[in-house]
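Please open the model in a viewer and keep the sequence panel visible. The tour below proceeds by selection, one site after another.

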Amino acid sequence: MAGQRMRLDRFISAQFNINRRDVKLMLAQNRIWVDNLAANDVQQLVDEFSHIRVDDQVIQAKTPRYLMLHKPVGVVSATKDEQHPTILDLIPPDEREGLHMVGRLDRYTSGLMLLTNDGRWSTLLASPESKVPKTYHVTLGNPLSADYIDAFEEGMYFAYENITTRPAQLQILSDYEALVTLHEGKYHQIKRMFGRFRNPVVKLHRQSVGNLSLDPQLTPGQSRTLSKEEVQNITNLAG
């Protein structure tokens with residue numbers, strides 16, 4: 001049932017290999033409890049994080065998990081890799097089960113990454129329709145000029161994919177540093193956009209996703225659980 005909702009009678013029927021009519025009788029006898037409340041509707045929708053109990057037997061008690069991680073350079077956004085350490089390698093072995101990444105950063109990019117075991121949440125944040133902004137600190141090989149600002153805001157055409165990027169915001173911090181905010185995630189987008197100016201990206205660091213900024217107390221490789229408020233705030237933004 002990962003990432004999906006289903007009717008309560010279908011879930012109980014599959015768990016106990018019984019007819020759905022029998023599930024209706026169990027409800028009438030107050031034998032089925034969902035999230036500590038007696039269930040009374042066979043059409044009630046449940047998901048992978050619904051706490052479900054039948055009599056004194058807990059059938060499902062999975063807890064959603066949401067983490068932010070400070071990704072170091074050199075770590076790949078993958079679950080397995082034979083040559084390089086992966087994001088999951090940074091998580092203690094007894095805490096990795098069920099976790100997956102919300103989006104990716106390439107091996108040479110550092111900064112904020114999100115992990116979860118909630119498929120619906122990650123799909124919501126990663127959906128192109130959500131338009132959750134992502135802000136990066138960029139260090140360049142050559143000096144910047146004001147021309148970059150308008151070019152990023154207008155969008156750039158990439159012939160290979162036959163697409164034009166959405167407007168992006170560029171704030172010049174110094175001759176060689178800028179903040180770039182994207183509202184999408186095309187392949188190596190920032191490097192390719194600066195490539196139009198023949199200006200190589202020397203360092204790329206993601207500072208924030210939506211209204212969620214990388215915790216400054218996290219050193220590279222460290223992670224922490226998101227607070228309920230942090231999860232709710234970014235969920236509201238994506239929705």
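**A loop histidine and its neighbouring helix**

Begin by selecting histidine 188, which is found in the loop between strand E14 (177–182) and helix H5 (189–195). The model is a predicted one. Phi of histidine 188 is near 45°, a positive value in a residue other than glycine. Is this residue buried, partly exposed or exposed? Histidine 188 counts as partly exposed because its relative accessibility is 30%, and the partly exposed class lies between the limits of 20% and 50%.

Next, move into helix H5 and select lysine 191 together with aspartate 106. These two residues form a salt bridge, with the closest N and O atoms 3.2 Å apart. The pair joins distant parts of the chain, since lysine 191 belongs to helix H5 whereas aspartate 106 sits in the loop between strand E8 (100–102) and strand E9 (109–116), 85 residues apart. Lysine 191 is partly exposed, with a relative accessible area of 29%. Aspartate 106 is likewise partly exposed, at 22%.

**A second positive phi**

Select asparagine 162, in the loop between strand E11 (157–158) and strand E12 (163–164). Its phi is near 60°, again a positive value in a residue other than glycine. How accessible is asparagine 162? Its relative accessible area is 55%, so asparagine 162 is exposed, the threshold for that class being over 50%.

**A patch of negative charge**

Now select Asp147, Asp150, Glu153 and Glu154, which form a negative surface patch. Within this group, centre the view on glutamate 153, a residue of helix H4 (residues 147–154). Glutamate 153 counts as partly exposed, with 38% relative accessibility.

**Further salt bridges**

The count of salt bridges in the model comes to 8. One of them is found by selecting arginine 7 and aspartate 9, whose side chains meet with an N to O distance of 2.7 Å. Which class of accessibility does each partner fall into? Arginine 7 counts as partly exposed, at 28% relative accessibility. Aspartate 9 counts as buried because its relative accessibility is 3%, and buried means under 20%.

Proceed to arginine 224 and aspartate 215. Their side chains meet in a salt bridge, at 2.7 Å from N to O. Arginine 224 is partly exposed, with a relative accessible area of 23%, whereas aspartate 215 is buried, with 16%. Add Glu230 to the selection: Asp215, Arg224 and Glu230 are linked in a network of salt bridges.

**The whole chain**

Finally, clear the selection and display the whole protein chain, coloured by secondary structure. The chain has 6 helices and 17 strands. Of its 239 residues, 42% count as buried. Rotate the model to view its overall extent: taken along the principal axes, the C-alpha atoms fill a box of roughly 75 × 35 × 35 Å. How does the radius of gyration stand against that of a compact globule of 239 residues? The protein chain has 23 Å, whereas such a globule would have a value near 18 Å.

Note on methods
Residues are numbered from 1 along each chain as its sequence is written. This is a predicted model: local features need pLDDT of at least 70, side-chain atom pairs count only at pLDDT 80 or more; totals for chains, interfaces and linings use all residues. Side-chain values use heavy atoms; hydrogens and water are left out. Patches are made of residues with over 30% relative accessible area and no salt bridge: like charges are joined within 9 Å, nonpolar side chains (Val, Leu, Ile, Met, Phe, Trp, Tyr) within 5 Å. Accessible areas come from the Shrake-Rupley method with a 1.4 Å probe; for residues, only the protein chains shown count as cover. A salt bridge is a side-chain nitrogen of Lys or Arg within 4 Å of a carboxyl oxygen of Asp or Glu. Lys and Arg count as positive and Asp and Glu as negative; His and the chain ends are not counted. The place of a charge is taken as NZ of Lys, CZ of Arg, CG of Asp or CD of Glu. Helices (H or I, at least four residues) and strands (E, at least two) are DSSP runs, numbered from the N terminus. Buried means under 20% relative accessible area, exposed over 50%, partly exposed in between (1.4 Å probe, protein chains only). The radius of gyration is taken over C-alpha atoms; the globule rule is 2.2 Å times the number of residues to the power 0.38.
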